[in-house]
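Here is a walk through one protein model, written for someone who would rather be at the bench. Have a look at the structure first, then read on.

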Amino acid sequence: MDRSPTEVTLRCGGSPKEQGVREGDGLFKVYVRIEKEKGVVELGLMSVFFQGKGVAAGEPMPEWIKWLHGVYGKLFMEDAVKRVQV
């Protein structure tokens, strides 16, 4: 959805072919902050999930989907750490 040299925002929660509002929708933002003078790299991942249609009644996703998002969020971060070049 959006990209800069230090951030990428991805849409999740359905097929990329479905451009409009979805039943369950969400955004992932992956970012990096570099402080060369300190020798520090911060990698971050933020996610937001929401009910796109109708009136919300409880959690936007079932518990197993929330767990799955946690797993692949962790995999995103592990892969990013492996790719950091010194």
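## Glu-7 and the sheet around it

Let's start with Glu-7, which sits in strand β2, the stretch covering residues 7-12. Keep in mind that this is a predicted model.

What does Glu-7 touch, once residues up to four places away in sequence are left out? The list runs Asp-2, Lys-29, Val-30, Tyr-31 and Arg-33. Two of these contacts go side chain to side chain and are polar: Glu-7 meets Lys-29 at 3.4 Å, and Glu-7 meets Arg-33 at 3.2 Å. Put together, Glu-7, Lys-29 and Arg-33 make up a network of salt bridges.

The Arg-33 part of that network deserves a second look. Its side chain and that of Glu-7 form a salt bridge, with N and O 3.2 Å apart. This pair ties together distant parts of the chain, since Arg-33 belongs to strand β3 and Glu-7 to strand β2, 26 residues away. Arg-33 is partly exposed, as its relative accessible area is 37%.

## How the strands line up

Now zoom out to the sheet. Four strands make an open, antiparallel sheet, and their order is β1-β2-β3-β4. At the edges you find β1 (2-3) and β4 (40-51), each of which has a pairing partner on one side only.

Going across the sheet, β1 and β2 run antiparallel and are held by two bridges. A hairpin with three residues takes the chain from β1 to β2. Within this pairing, Asp-2 has Thr-9 of β2 as its bridge partner. Asp-2 is also one of the residues that Glu-7 touches.

Next comes the pairing of β2 with β3, again antiparallel, with six bridges. Thr-9 turns up here too: its bridge partner in β3 is Lys-29. Lys-29 in turn stands opposite Met-46 in β4. So if you want a path to follow on screen, step from Asp-2 to Thr-9, from Thr-9 to Lys-29, and from Lys-29 to Met-46.

How many bridges join β3 to β4? There are twelve, connecting β3 (residues 24-35) to its antiparallel neighbour β4. One of the facing pairs is Gly-24 and Gln-51, the latter in β4. The hairpin of β3 and β4 has four residues between the strands, and Gly-39 in this hairpin adopts a positive phi near 70°.

A general point helps when you look at side chains here: in a regular strand they alternate between the two faces of the sheet.

## Salt bridges

The structure has eight salt bridges. Here are some of them, with the N to O distance.

| Pair | N to O distance |
|---|---|
| Arg-33 and Glu-7 | 3.2 Å |
| Asp-25 and Arg-22 | 3.8 Å |
| Lys-66 and Glu-63 | 3.4 Å |

The settings of these pairs are worth a glance. Asp-25 and Arg-22 are both buried. For Lys-66 and Glu-63, the spacing is about one helical turn, because the two are three residues apart in helix α1. Is Glu-63 exposed or buried? Glu-63 counts as exposed, because its relative accessibility is 58%. Lys-66, with 33% relative accessibility, counts as partly exposed.

## The loop and the helix

Between β4 and α1 there is a loop, and Ala-56 lies in it. Ala-56 is exposed, because its relative accessible area of 55% is over the 50% cut-off. Ala-56 and Leu-43 are 13 residues apart in sequence, yet their C-alpha atoms are 32 Å apart in space.

After the loop, look at helix α1, which spans residues 63-83 and includes Leu-68. Why does Leu-68 count as partly exposed? Its relative accessible area is 36%, and the partly exposed class lies between under 20%, which is buried, and over 50%, which is exposed. Leu-68 also helps make a nonpolar surface patch of about 560 Å², together with Trp-64, Trp-67, Val-71 and Leu-75.

## Back to the start

To close, return to Glu-7 in β2. Glu-7 shares a salt-bridge network with Lys-29 and Arg-33, and Lys-29 is also the β3 bridge partner of Thr-9.

Key
Residues numbered from 1 in each chain as written. Predicted model: local features only at pLDDT ≥ 70, side-chain atom pairs only at ≥ 80, totals over all residues. Heavy atoms only, no water. Polar contact = N/O pair within 3.5 Å; in protein donor to acceptor, adjacent residues only side chain to side chain. Contact = heavy atoms within 4.5 Å. Patch = residues over 30% accessible without salt bridge, like charges linked within 9 Å, V, L, I, M, F, W, Y side chains within 5 Å. Areas by Shrake-Rupley, 256 points an atom, 1.4 Å probe, with all protein chains shown as cover. Salt bridge = Lys/Arg side-chain N within 4 Å of Asp/Glu carboxyl O. Buried < 20%, exposed > 50% of the residue type's maximum accessible area, 1.4 Å probe, protein only. Pairing = 2+ DSSP bridges.
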